[in-house]
Amino acid sequence: MTISMYQASVPVYLQYLKSISAVLDKGAAFAEQRKIDPASLLQARLYPDMHPLVKQVQIFTDRKS
């Protein structure tokens with residue numbers, strides 16, 4: 001049985017995109033619940049030498065294996 005690159009990679013990337021979408025939805029719900037400006041979370045860093053969240057998502061979605 002042969003498998004194409006599409007069959008091997010696209011389902012994985014679709015799952016990644018669903019996962020990041022769920023994480024971002026949870027962040028939006030958290031911001032709404034706590035009355036936090038969502039833009040401040042988009043610029044948040046977990047550690048000073050990390051990129052802000054918005055840049056990390058951009059890097060993640062720009063990947064071209």
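Helices here are DSSP runs of at least four residues, numbered from the N terminus. In this predicted model, the helix α1 covers residues 5-34, and just after α1, K35 takes a positive phi of about 60°. The length of α1 can be checked against its residue count. At 1.5 Å a residue, its 30 residues should span 44 Å, and the C-alpha atoms at the ends of α1 are 44 Å apart, which agrees with that expectation.

Two tyrosines of this helix, Y13 and Y16, were examined together. Both lie in α1, 3 residues apart, or about one turn of the helix. An α-helix has 3.6 residues a turn, so residues three or four places apart point the same way. The count of aromatic pairs in the model comes to 2. In the pair made by Y13 and Y16, the ring centres are 6.0 Å apart and the planes stand at 80°; because planes over 60 degrees apart count as edge-to-face, this pair is given that label. Y13 and Y16 also belong to one aromatic cluster, which they form with F60.

The accessibility of the two tyrosines was then considered. Y13 has a relative accessibility of 35% and therefore counts as partly exposed. Y16, with a relative accessible area of 41%, is also partly exposed. Both assignments follow because partly exposed residues lie between the cut-offs of 20% for buried and 50% for exposed. Together with V12, Y13 and Y16 form a nonpolar patch on the surface, and the accessible area of these residues together is about 260 Å². Y13 and Y16 thus take part in the surface patch as well as in the aromatic cluster with F60.

Definitions and conventions. Residues numbered from 1 in each chain as written. Predicted model: local features only at pLDDT ≥ 70, side-chain atom pairs only at ≥ 80, totals over all residues. Heavy atoms only, no water. Patch = residues over 30% accessible without salt bridge, like charges linked within 9 Å, V, L, I, M, F, W, Y side chains within 5 Å. Areas by Shrake-Rupley, 256 points an atom, 1.4 Å probe, with all protein chains shown as cover. Salt bridge = Lys/Arg side-chain N within 4 Å of Asp/Glu carboxyl O. Phe/Tyr/Trp six-rings, centres within 6.5 Å; stacked < 30°, edge-to-face > 60°. Buried < 20%, exposed > 50% of the residue type's maximum accessible area, 1.4 Å probe, protein only. Expected span 1.5 Å × (residues − 1).
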